[in-house]
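Here is a set of exercises with worked solutions for you to try at your own pace. Have a look at the model first, then work through the steps.

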Amino acid sequence: MIILHGEYSISLVILSVVISCCAAYTALSMNQRIQQNSFFHKSFWLLMSSVAMGLGIWSMHFVGMSAFMLPVNMNYDLSLTVISVFPAVFASYLASYFAGRPSFSHWSKAVAGLIMGLGISSMHYIGMAAMKMEASFKYRPWIFLTSVVIAVGVSYAALFVFSALQKYMGDHLIKLLTSILMGLAITSMHYTGMSAVVFYTETPLRTHLHQMNQMDITLLTTVVVIGVSLLLLISGLTSLLDRYVEHRLHFFDALTLLPNQRQLEQDLNSVKSARSLAIVHIHNVEKWISMHGYTFGDMIIKAIGEVIQSMKPASSQIYRIEENRFAVVEAHDSGETLKKTMERTLAHFKKPLPIENHRLAIEMVCSLSHTSSNDNRELLSNAMAVLQHPLTRYNHEIIEYNPEIHTYSYERQIVQDIGKAISEHELFLVYQPQVDSKSLKAAGVEALLRWLHPRFGPISPGVFIPILEENGKIFDVTDWVIEEVCRQISKWRQESFAVGHVSINIPGAYVTSSRLLKLIHDNLSAYRIETRYIELEITETSVIEDIENAITAIARFRELGLSVALDDFGTGLSSLSYLKQMPISTIKIDKSFVDGVPVSEKDSAVLDAIITLCYSLNLNVVIEGVETAGQMEFINSMKEAPLIQGYYFSRPLKSGELVAWYAERGPEPAR
Ligand code: C2E
Ligand code: MG
Ligand code: MG
C-alpha cells in the first residue's frame with residue numbers, strides 16, 4: 001500500500017478563503033433586508049441570502065479542491081457534486097431563519113450554529129464522496145470529528161459576534177468581521193476535513209510519485225462562476241428595484257402617479273430657478289366621498305388631476321401635494337403664463353365635471369405666489385397663507401399672495417383682537433369656590449378669565465394667556481381683571497353677599513412692576529375694599545426668573561395687607577429654599593399632585609408630606625383640582641384642614657351662579 005501525499009496551490013487556497021468571506025458578506029447584506037420593510041417579502045430575502053451563502057460554501061469547496069494536488073488523476077461525479085449544494089443552502093436558510101427571530105436567545109444561537117456547522121460539514125463530505133480518482137481514501141476519525149466541531153464552533157462564534165457586537169460597532173465593520181469569521185468557519189472546516197483524509201493506493205502508480213495533478217474542474221469552475229455571477233446580478237437588481245419602489249412610494253402619489261409633496265419640497269429646495277407656484281384646493285371632496293364612497297372620491301381627484309395636467313404649460317411640473325390639493329410649479333416665467341393657464345383651468349371647472357353618471361359642481365380655489373429671490377421656501381408658505389386666510393372662498397378664483405392681507409395667523413389674530421375684546425365686553429370672569437375641607441364652607445374664590453371670541457367661540461385662558469404674555473399684551477388684561485374683581489366685590493358687598501377672599505392671577509412679568517402695586521392700591525381705594533379680600537396668585541416659574549425682585553415685590557404686597565399665593569406649586573423647578581425666602585401666605589398645590597391620590601401610595605405620601613411641610617412653615621394651603629370623593633376622603637384623613645378648589649365642589653361659576661351656590665352652603669367665617 002502506498003500512502004499518497006497531497007500538496008496545495010497557495011494562490012488557490014487564498015482564493016477559496018476570499019470566496020467564502022465574500023459569500024458570507026453578500027448573505028449577511030441580504031439577510032439584513034429581512035429586518036427592513038421592503039417591497040419584496042421577507043421570505044424572498046431569506047431565500048436569496050441562503051442561496052448566496054450555500055453557493056458560497058459550495059464554490060469554496062471546489063476551489064479548495066482544485067487547489068489540492070495528488071500524484072494521481074482526479075475527477076468528480078457530477079450528480080453527487082450537484083446534490084452537495086443542497087445541505088449548504090438548506091442549513092443557511094435555517095440558520096438565517098433562527099438568526100432573524102425577534103428574540104435571538106443563546107439557545108437559538110446555539111441551534112443556528114449547530115445547523116450551520118452541520119450544513120457546511122455535510123456539503124464538504126458529500127463533495128468528497130463525489131471525488132473519483134485512481135487512489136482510494138479513508139478518514140482519520142478524530143480529525144474528521146474535529147473538523148465538524150470546528151465548523152459548528154466557529155459558526156456559533158460568528159453568529160454570536162454578529163448579534164452581541166451589533167449595538168457597539170458600525171454596521172459595515174461588524175458585517176465585515178462576521179463575514180470573515182463565517183468565511184473562516186467554512187475554510188477551516190474544509191482544510192481540517194482534508195487533513196482527516198488518508199489517500200492511498202494498492203496498485204503501482206502509472207505516474208511518477210512527484211508528478212502532481214490537479215483535479216480537472218474547468219467545467220465545474222465555469223458553472224460555479226456563472227452561477228455566482230448570476231446570483232450577484234439578481235440580488236443587485238432586486239436591491240435596485242427595491243430601492244426604486246421605495247423611492248416611488250415615498251415621492252409619488254399612488255392614485256394619480258404624480259410626484260407628491262415630498263418631491264415638491266425637494267424640488268423647491270433644489271431648483272434654483274423656480275419662480276411661481278400655484279396650489280389648487282378642491283373643496284368638499286368629503287361630501288362626495290360620504291355620499292358615494294372612497295372610490296368615487298378617487299375618481300374625482302384623478303379626473304381633476306388629468307385636466308390640470310393637460311392644461312398646464314409644458315415647462316411646468318404638477319404635483320399632488322395633499323388629499324385635495326394639486327401644486328403647479330413654473331420655473332421659467334414671471335408668473336403671467338401660469339396665472340393665465342390657471343385661470344383657464346379653473347374656468348373649465350365652473351362647468352359640471354362628469355364622473356360616472358353624475359355631473360358634479362366642483363368647488364375650488366387656486367392660490368398663486370411668485371418669488372424673485374432664490375428662497376423658494378417662501379413660495380410654498382405664501383401660497384399656503386392664501387389658502388389658510390379666513391376670507392378665502394371656493395368660487396373658482398385665482399388669489400395672488402398679498403403680504404398685506406395674507407399674513408394671517410391665529411396668534412396674530414388673538415393679539416390683534418384683545419383690545420377690542422375688552423371694549424366690546426367679550427371678556428368676563430368666572431369664580432371657582434375654595435372650600436374648607438373640614439367645615440365644607442366656602443372661604444373664598446379664584447377669579448378666572450374667559451373670552452368669548454366672536455369668531456373662534458370660547459377660548460381657554462390656557463391658550464390665549466400665554467400668547468398675550470409673549471406679545472406683551474397681558475398687562476392691560478390684568479388691569480382689567482383687577483378692576484373687574486374690585487367692582488364685583490363692591491357690588492357683592494352692596495348686595496350683602498360675603499364671598500370671602502377673591503384670588504387674582506398675576507402674570508409673571510407683571511409681579512415686579514411698580515405699576516401693579518399702584519394699580520391695586522388705586523382700585524382698592526376707589527371701590528373702598530379692604531386688602532384682606534384680595535389674594536394675588538403668582539406662579540413659581542415666573543417668580544424664579546427674577547427671584548430677588550420678586551421677593552421685594554411680594555414683601556410690599558404683604559405690607560399692604562394682601563395675601564400672596566404661590567400658584568401651581570410643584571410644577572416648576574422650584575427649590576425648597578425659595579419657599580423659606582419668599583414672604584408668601586399661601587401655597588396652591590398643583591392638580592398633578594392630587595391626580596394619583598388615593599390609588600397611588602407614593603402620590604398620597606408625597607401630598608401628605610407637602611401639606612405637612614407647608615403647615616410647618618405656617619402657610620395656608622389650597623389643593624387644586626380635587627375631583628373625586630376618594631381624594632376628599634384622603635385629605636380628610638389628615639389632621640390639617642386645607643382649602644379645596646376643584647370640580648368635586650364646583651366648576652368655575654358666573655357671578656349669579658356663585659351667589660346661588662353660596663346660598664346653599666353658606667360662607668366660612670372670615671379666615
Ligand atoms: P390656574 O390659576 O392654576 O387655575 C386653575 C385652573 O384649574 C382653572 O382652569 C380651573 O378651571 C382648573 N380647575 C379647577 N379645578 C379643577 C378640577 O377639579 N379639574 C380640572 N381638570 N381642572 C380644574 P382655567 O380657568 O382654564 O385656567 C387655566 C389657567 O389660565 C389658570 O391656571 C391660570 O394660570 C390662567 N388664568 C386664568 N385666568 C387668568 C387671569 O385672569 N389672569 C392670568 N394671568 N391668568 C389666568
Ligand atoms: Mg391660579
Ligand atoms: Mg393653579
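**Exercise 1. Find which residues lie nearest the centre of the largest cavity, and describe its lining.**

Step 1. In this predicted model, 17 residues line the largest cavity, and Leu 28, Met 53, Ser 96, Leu 159 and Met 182 lie nearest its centre.

Step 2. Next, place the lining on the secondary structure. At least two lining residues come from each of α1 (10–35), α2 (42–66), α4 (85–99), α6 (141–164) and α7 (171–195).

Step 3. Now sort the lining by chemistry: 11 residues are nonpolar, six are polar and none is charged.

Step 4. Finish with the volume, which is about 210 Å³ for the largest cavity. The whole structure holds four cavities of 30 Å³ or more.

**Exercise 2. Work out which residues line the second largest cavity and which elements supply them.**

Step 1. List the lining: Ile 57, Met 60, His 61, Ile 120, Met 123, His 124, Ile 186, Met 189 and His 190.

Step 2. Trace these residues back to their elements. Two or more residues of this lining are given by each of α2, α5 (106–129) and α7.

Step 3. Count by class: six are nonpolar, three are polar and none is charged. The space enclosed in the second largest cavity is about 40 Å³.

**Exercise 3. Describe the coordination of the magnesium ion (ligand 2) and place its donors along the chain.**

Step 1. Pick out the donors. Glu 446 (OE), Asn 505 (OD1), Glu 537 (OE) and Asp 567 (OD) coordinate the magnesium ion (ligand 2) at 2.0 to 2.3 Å.

Step 2. Read the spacing in sequence, which is E-x58-N-x31-E-x29-D. Two of these donors show how distant parts of the chain are linked: Glu 446 belongs to strand β17 (residues 442–453) and Asn 505 to strand β19 (residues 501–505), 59 residues apart.

Step 3. Decide whether these two are buried or partly exposed. Glu 446 counts as buried because its relative accessibility is 3%, under the 20% cut-off. Asn 505, at 29%, counts as partly exposed.

**Exercise 4. Do the same for the magnesium ion (ligand 3), and say which residue coordinates both ions.**

Step 1. The magnesium ion (ligand 3) is coordinated at 2.0 to 2.4 Å by Asp 567 (OD), Asp 568 (OD), and Glu 624 (OE), with Glu 624 (OE) listed twice. Along the chain the donors follow the spacing D-D-x55-E.

Step 2. Here too, distant parts of the chain are linked: Asp 567 is in strand β21 (residues 563–569) and Glu 624 is in strand β23 (residues 620–624), 57 residues apart.

Step 3. Look at accessibility. Asp 567 is buried, with a relative accessible area of 5%, and Glu 624 also counts as buried at 12%. Asp 568 is partly exposed, at 25%.

Step 4. Now bring the two sites together: Asp 567 coordinates both magnesium ions (ligand 2 and ligand 3), which are 4.0 Å apart.

**Exercise 5. Find which residues are closest to the centre of the largest pocket, and relate them to the metal sites.**

Step 1. Start with the volume of the largest pocket, about 930 Å³. Of its 34 lining residues, Glu 446, Leu 448, Asn 505, Asp 567 and Asp 568 are the closest to the centre.

Step 2. Find the elements. Two or more lining residues come from each of β16 (427–436), β17, α15 (461–470), α16 (474–494), β20 (534–539) and β21.

Step 3. Compare with the metal sites. Glu 446, Asn 505 and Asp 567 are among the donors of the magnesium ion (ligand 2), and Asp 568 is among those of the magnesium ion (ligand 3).

Step 4. Sort the lining into classes: 14 nonpolar, 10 polar and 10 charged.

**Exercise 6. Inspect the backbone at Asp 568, Asn 284 and Pro 598.**

Step 1. As background, most residues other than glycine have a negative phi, and most peptide bonds are trans.

Step 2. Asp 568, in strand β21, has a positive phi of about 50 degrees.

Step 3. Asn 284 has a positive phi of about 65 degrees and sits in the loop between β9 (276–283) and α10 (285–292).

Step 4. The peptide bond from Val 597 to Pro 598 is cis, with omega near 0 degrees. Pro 598 is in the loop between β22 (586–589) and α22 (601–616).

Technical notes
Residues numbered from 1 in each chain as written. Chains lettered and ligands numbered in written order. Predicted model: local features only at pLDDT ≥ 70, side-chain atom pairs only at ≥ 80, totals over all residues. Heavy atoms only, no water. Donors = N, O, S within 2.8 Å, 3.2 Å for Na, K, Ca; no water. Helix = DSSP H or I, 4+ residues; strand = E, 2+ residues; numbered from the N terminus. Buried < 20%, exposed > 50% of the residue type's maximum accessible area, 1.4 Å probe, protein only. 1 Å grid on protein atoms, 1.4 Å probe; cavity = no way out; pocket = protein on both sides within 12 Å on 5 of 7 lines; lining within 4 Å. Points joined across faces, edges and corners; volume = space filled by probe spheres on them. Nonpolar A, V, L, I, M, F, W, Y, C, P; charged D, E, K, R; others polar.
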